[in-house]
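Subject: Structure handover

Hello,

Here is the structure I said I would pass on. Please look it over before reading my notes underneath.

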Amino acid sequence: MESDKASSSSDKLLLAAINLISERGYNGVTTQEIATAAGLSEKTLFRHFGSKQKLLEAAFDRFHYAEEMRKVFQEKLVWELEVDLLTVCRTYHEIMNRNRKMIQISMKDEVQLPGFRERTHQHPLQLLDILTNYFKEMSEQGKMIRTNHKLQAFTFMMAHFGAFINDLDTGKFYPDISLEPFMQESVKLFARALTP
């Protein structure tokens, strides 16, 4: 029961930090304000995390996407390229949109936080490895052409990261192109190009 309470306090602090820092920036929020927004004391924040930077790092580790994406590759693939890539990109966009405040923080404040840029890049690097290995396996099964698997995985990821960034800015750069048709068309083109 005590660990449930600690977990609940930690979650409250993580969510309060994400909400406040995304609105006002890392330097625009104090640990006292984060604790108050979570309904806890500043002492509790320091007991759980030690510092504001460690709190933000914990939020990224807890709510970012690498483990969720790994689970998709372990449990939801049907080993058909177009179907799998659509599942992957829909899950990716769902997670990224759910975590959009964290992405905004990482883009705004990473320069002010030593080591933060490297930490935020761990998740995309893990996804790149997972997708590269999937492409290798698909090639070995004869379901995908032999190619530079890592380069194809990177190309796929960057297309969808770019779409997310456009959407992050409320789609104002390309307002007549919505996400779902983009996902379907990009996956169809990608699968057609890589299918033997």
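The notes below go from the whole chain to single helices, a loop residue and a cavity.

Please keep in mind that this is a predicted model.

Overall: the protein chain has 10 helices and zero strands, so the pattern along the sequence is simply α-α-α-α-α-α-α-α-α-α. Of its 196 residues, 43% count as buried. The accessible surface is about 10800 Å², and carbon and sulfur atoms account for 54% of that area. If one takes the contacts between residues at least 6 apart in sequence, 72% of them join residues at least 24 apart.

Helix α3: this helix covers residues 42–49, and its buried residues are Thr44, Leu45 and Phe49. These lie on the same side of α3, because the arc they cover around the axis is only 105°. The face turned away from that buried side carries Lys43 and Arg47, both exposed. Glycine 50 follows α3 and has a positive phi, near 85°.

The loop before α6: tryptophan 79 sits in the loop between α5 (66–75) and α6. Its phi is also worth a look, being near 60°, a positive value in a residue other than glycine. Most residues other than glycine have a negative phi. As for burial, tryptophan 79 has a relative accessible area of 27%. Buried would require under 20% and exposed over 50%, so tryptophan 79 is classed as partly exposed.

Helix α6: does the length of this helix agree with its residue count, or disagree? Helix α6 has 18 residues (81–98), which at 1.5 Å a residue should span 26 Å. The C-alpha atoms at its ends are 26 Å apart, so the two values agree. The buried residues of α6 are Leu81, Asp84, Leu85, Leu86, Val88, Cys89, Thr91, Tyr92, His93, Ile95 and Met96. Asp84 and His93 are thus on the buried list, should you want to check their protonation states.

The cavity: the structure holds one cavity of 30 Å³ or more, and the space in the largest cavity is about 50 Å³. Which residues line the largest cavity? They are Val88, Cys89, Tyr92, Leu127, Phe156, Met157 and His160. Two elements, α6 and α9 (149–168), each give two or more residues to this lining. Val88, Cys89 and Tyr92 also appear among the buried residues of α6.

Regards

Conventions:
Residues numbered from 1 in each chain as written. Predicted model: local features only at pLDDT ≥ 70, side-chain atom pairs only at ≥ 80, totals over all residues. Heavy atoms only, no water. Helix = DSSP H or I, 4+ residues; strand = E, 2+ residues; numbered from the N terminus. Expected span 1.5 Å × (residues − 1). Buried < 20%, exposed > 50% of the residue type's maximum accessible area, 1.4 Å probe, protein only. Contact = heavy atoms within 4.5 Å. Areas by Shrake-Rupley, 256 points an atom, 1.4 Å probe, with all protein chains shown as cover. Arc of directions from axis to C-beta. 1 Å grid on protein atoms, 1.4 Å probe; cavity = no way out; pocket = protein on both sides within 12 Å on 5 of 7 lines; lining within 4 Å. Points joined across faces, edges and corners; volume = space filled by probe spheres on them.
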